[in-house]
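Here's a quick briefing to read with the structure open beside you. Take it slowly, and look for each piece as it comes up.

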Amino acid sequence: MDYLQEQTLSCPYCGESIDVLIDPQDAGDQYIEDCQVCCRPITINVTTDSMGNLSVSAYDENDVY
Ligand SMILES: [Zn+2]
């Protein structure tokens, strides 16, 4: 059963903590979510570790290669 997981990230622009809902089916994907505070586009990278736990990383758009 799939369910959304709430994760907390720090915005790479303004440093504020923001909550994002992650769909486990997005693991391995990147997507863009606008910061709830400064409204700039954060690139969010969704990965799973060896235990199958989701983890998320936030990048500013200039970090993406
Ligand atoms: Zn921000």
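In this predicted model, β3, β4 and β5 line up in that order as an open, antiparallel sheet of 3 strands. β3 (30-34) and β5 (54-60) sit at the edges with a single partner strand each, so one side of each has no neighbour in the sheet. From one strand to the next, the twist averages 35°.

**How the sheet is stitched together**

- β3 and β4 run antiparallel and are joined by 5 bridges.
- If you want one pair to look for there, try Tyr31, whose bridge partner in β4 is Ile44.
- On the other side of the sheet's order, β4 (residues 41-48) pairs with β5, again in the antiparallel sense, and here there are 7 bridges.
- Two pairs to find between β4 and β5: Asn45 has Ser57 as its bridge partner, and Ile42 has Asp60.

**The turns in that sheet**

- The hairpin of β3 and β4 has 6 residues between its strands, and Cys39 takes a positive phi near 65° in it.
- In the hairpin of β4 and β5, with 5 residues between the strands, it's Gly52 that takes a positive phi, near 85°.

**The β1 and β2 pair**

- β1 (residues 5-10) and β2 (residues 17-22) pair up too, in the antiparallel sense, over 6 bridges.
- Look for Ser10, which stands opposite Ser17 in β2.
- This hairpin has 6 residues between its strands, and Gly15 takes a positive phi near 80°.
- Is β2 tucked away or in the open? Of its 6 residues, the number buried is 0, so β2 lies largely in the open.

**Two residues to compare in β1**

- Gln5 belongs to strand β1, and so does Thr8.
- Gln5 counts as partly exposed because 14 other C-beta atoms lie within 10 Å, and the exposed label is kept for residues with 12 or fewer.
- Thr8 has 9 other C-beta atoms within 10 Å, so Thr8 is exposed.
- Which residues does Gln5 touch, leaving aside its neighbours within four places in sequence? They are Ile22, Pro24 and Leu54.
- Thr8 touches Ser17 and Asp19, again not counting residues up to four places away in sequence.
- Both can be checked against Leu21: its C-alpha atom is 5.4 Å from that of Gln5, though the two residues are 16 apart along the chain.
- For Thr8 and Leu21, which are 13 residues apart along the chain, the C-alpha atoms are separated by 8.8 Å.

**Stepping back to the whole chain**

- How many helices and strands does the chain have? There are 0 helices and 5 strands, so reading along the sequence gives you β-β-β-β-β.
- The radius of gyration is 12 Å, close to the 11 Å that the globule rule gives for 65 residues, so the chain is as compact as a globular protein of that length.
- Taken along the principal axes, the C-alpha atoms fill a box of roughly 35 × 25 × 15 Å.
- Of the 65 residues, 5% count as buried.
- Take the contacts between residues at least 6 apart in sequence: 29% of them join residues at least 24 apart.

Definitions and conventions: Residues are numbered from 1 along each chain as its sequence is written. This is a predicted model: local features need pLDDT of at least 70, side-chain atom pairs count only at pLDDT 80 or more; totals for chains, interfaces and linings use all residues. Helices (H or I, at least four residues) and strands (E, at least two) are DSSP runs, numbered from the N terminus. A residue is buried if 20 or more other C-beta atoms lie within 10 Å of its own, exposed if 12 or fewer, and partly exposed in between; C-beta atoms are placed from the backbone. Two residues are in contact if their C-beta atoms, placed from the backbone, lie within 7 Å. Two strands pair if DSSP finds at least two bridges between them. Axes are lines fitted to C-alpha atoms, for helices over the stretch in contact, and angles run from 0 to 180 degrees between N-to-C directions. The radius of gyration is taken over C-alpha atoms; the globule rule is 2.2 Å times the number of residues to the power 0.38.
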